[in-house]
Every structure is written in C-alpha cells, then in structure tokens.
Amino acid sequence: MQAAVLGAGSWGTAFSRLLARAGHRVTLWARRPEQAAALSRDRENREYLPGVRLPDEVLITSDLAEAVAGAQVVFFAIPSFAMRDVARRVAPHLSPGVPVVHLAKGLERPTGLRMSQVLSCVLPGHPLFALSGPSHAEEVGRDHPTAVVLAGEDLGLGARLQHALMTRRFRVYLSDDLLGVEFCGAVKNVLAIGTGISDGLGYGDNTRAALITRGLVEMARFGRAVGARSETFYGLAGLGDLVVTATSEHSRNRRVGLRIGQGESLDEILSGMRMVAEGVFAVEVLHAKASELGVEMPITEAVYRVLYKEEPPRAQIDRLMLRPPRREF
C-alpha cells in the first residue's frame, strides 16, 4: 500500500522503516525542511533515532501535500499538542475516506479530548484507528520482537490494516475498544512518571512493583468509569505498555520522574528536553476528569501534586502508604 507517516521523530522514523521493510511504499513527512534534507542525505535520524538506517525506498519531504498525495493510509506520529494543527493543515490535501491511524499516547489540553476525537473533528469522514502498546522506537527500529494493538470501530478495515502491518518482528492484535486503548496510553504515562519519581528517590523493586500493580488497578477503575472494557487495561495497551514505560531506560516519562525524584524542577527538565513526555500534560486532564467522575486515582493524584502543586515527592509516598487500610479487591 501507499502510506504516509506524518512526523519524523523517533517513532515516526522507526515506523516508516517498519512499513518499508514490510513492502509498502512510504513517504515520511518532517516538519522542518532542514530535517527532511538531513534525513534524505544521511538516511539516519541522528537527532532522534541515531544508529537506525532508513531504507532508500522511504521518500522524505517537508511538504504535507506531497506527503499524502496518493496515500491509501495516513499515520500520525505527532505529539498530542500538535495533532490538531497538523490535521488542519493536511485536511485539504487528504483524499476522501482515507483511513487515519494515530500513534500518539496523550490527551489534548485544555479540551481533554482523546486523539481520535481531535482527528474526527478536523477530518470527518475518515475511518480512525489508534496503534498502541509496548513499542519503544529504539527497539522497533532495530527489529526487536514487538506486539501492539490496533483499535478502531471498523473491524473489517482494521483487519486489513492489521495484516498489512504484520511482520516477523512486529505482531498486531485488533480491538474495537478505541476509547479504552487511548485512555490506557494516557494513564500509563502518568504512572510511569510516578515509578520514575520512586526510582529517583532511591526506592527499589518493591516500591516499583507496588506502584505498577496498584497503578494497573487505578487504570482499570478509571476505564470502567469512562465506559471502556476492563480487559483492555489488562492487555497490551494497558498492562503491557505500563510495564515497559515504567521500567525502561528508553521511557521519557519515567526519565522525567527520575529527575524529579533526584531533586530537579519540572521547568528545568522540560526546558532541556527535545522529545515530549506526554504524561506531564495528561496528568492535568486525568486528575480533573477523575475528580469530575468521582474516581479514586491516588497515584495519579500524587503525581499531579508533585508536578503542579510542587509538593515534596517523599510526602506523596507517605500519603499513599498511610491511606486507610482496605481489601485488595
């Protein structure tokens, strides 16, 4: 198939390589002309994904109209804060009915909308899907065996995309719980910041395991409240992505938490980051939505207090540990 990948960060680069190696014709869009030129010249994204070679078959452009010309599917490898703007710019050039797949794991501020909701507002009439799960670009780009989930309402079209994306090293499962898969991606990033804070404070495996396990319960509780299926939160988009994001050296969200636990301020950390840690922004939306729905999310609340109320991380650990006793389930 003819595919367009919008966004030449680490994930967009790795995904373009994956598509090309699966035999598809791929055009990768880079926002900056100088980045597009460097990628075309070097066949390597030295800024975001060094050491991974882009196949010569991948065309690279900074022209959105050129990127989507003739595309049979468009993949948005765009951070949540830029999704609406890029969708608006591409809308006049997109052929009717072309399916759109987003690879983001965040929520729009200040609207609180999921990425499929943002895209449906700007690109009505296009079938929408989310691709999510434990899939660090650094490993997908090096052909490490990876399993993800593709979620959307049109399961017939979804099955065709599923087969098109499958390779010997990239396995795709199908789901129609788009709501659940998208919220999994947002919540797990917040929880990963929490485990990073714990690691930065010097706590060990026991604490990390407790945060991941109780965080998963928190995710599923929130999921039920918003109308998602509980099993989604125990699948690849939920448990799978939570484990990898909360423990991996590749995780930007964990890294933010780690540095906060070590005493740095959020402003200091964000000012020096080239890539986006979606959980920093999602926690505001999730904290507000949990309060609105009356859903208990103590770990999310603790991360929110540390990031936005500047409360001491150790005090939040104490608050979590000294909550009233209760049954596990």
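Visitor: How many bridges join β6 to strand β7, residues 100-102, and in which direction do the two strands run?

Guide: In this predicted model, β6 and β7 are joined by 3 bridges and run parallel. One pair to locate is V74, which stands opposite V100 in β7. Between the two strands the chain passes through α4, and this β-α-β crossover from β6 to β7 is right-handed.

Visitor: Which strand is joined to β6 by 4 bridges?

Guide: Strand β1, residues 2-6, is joined to β6 by 4 bridges, and these strands also run parallel. Here the bridge partner of V5 is F75 in β6.

Visitor: How should the side chains of a strand such as β6 be read, and are V73 and F75 buried or exposed?

Guide: The general idea is that side chains in a regular strand alternate between the two faces of the sheet. In β6, residues 73-76, V73 and F75 lie on one side, whereas V74 and F76 lie on the other. All four are buried, and both faces of the strand are therefore covered, where buried means under 20% relative accessible area.

Visitor: What share of the residues in the protein chain is buried?

Guide: Buried residues account for 57% of the 329 residues. The secondary structure of the chain comprises 16 helices and 10 strands. The radius of gyration is 19 Å, close to the 20 Å that the globule rule gives for 329 residues, so the chain is as compact as a globular protein of that length. Along the principal axes, the C-alpha atoms fill a box of roughly 60 × 40 × 35 Å.

Visitor: Turning to empty space, what is the volume of the largest pocket?

Guide: In general, empty space is revealed by rolling a probe the size of a water molecule over the atoms. In this structure the largest pocket has a volume of about 910 Å³. Its lining consists of 39 residues, and those closest to the centre are A77, I78, P79, R252 and V276.

Visitor: Which element gives the largest share of the lining of the largest pocket?

Guide: Helix α4 does, with 4 residues. At least two lining residues each come from α1 (10-21), α4 (80-90), α6 (137-140), α8 (178-200), α11 (236-247) and α12 (252-261). By residue class, the lining of the largest pocket holds 16 nonpolar, 13 polar and 10 charged residues.

Visitor: How many residues line the second largest pocket, and which lie nearest its centre?

Guide: The second largest pocket has 20 lining residues, with A210, R214, L320, M321 and R323 nearest its centre. Two or more lining residues come from each of α9 (205-226), α15 (298-308) and α16 (313-321). The largest share, 8 residues, is that of α9. About 520 Å³ of space lies in this second largest pocket, and its lining divides into 11 nonpolar, 2 polar and 7 charged residues.

Visitor: How many cavities of 30 Å³ or more does a search of the whole structure find?

Guide: The search finds 3 such cavities. About 90 Å³ of space lies in the largest cavity.

Visitor: Which helices each supply at least two residues of the lining of the largest cavity?

Guide: Those helices are α8, α15 and α16. The residues lining the largest cavity include G194, I197, L211, I299 and L320. The lining of this cavity divides into 9 nonpolar and 2 polar residues, with no charged residue. L320 thus serves as a point of reference for two features: L320 lines the largest cavity and is among the residues nearest the centre of the second largest pocket.

Terms used: Residues numbered from 1 in each chain as written. Predicted model: local features only at pLDDT ≥ 70, side-chain atom pairs only at ≥ 80, totals over all residues. Heavy atoms only, no water. 1 Å grid on protein atoms, 1.4 Å probe; cavity = no way out; pocket = protein on both sides within 12 Å on 5 of 7 lines; lining within 4 Å. Points joined across faces, edges and corners; volume = space filled by probe spheres on them. Nonpolar A, V, L, I, M, F, W, Y, C, P; charged D, E, K, R; others polar. Buried < 20%, exposed > 50% of the residue type's maximum accessible area, 1.4 Å probe, protein only. Pairing = 2+ DSSP bridges. Right-handed = clockwise from strand over helix to strand, strands pointing away. Rg over C-alpha atoms; globule rule 2.2 N^0.38 Å.
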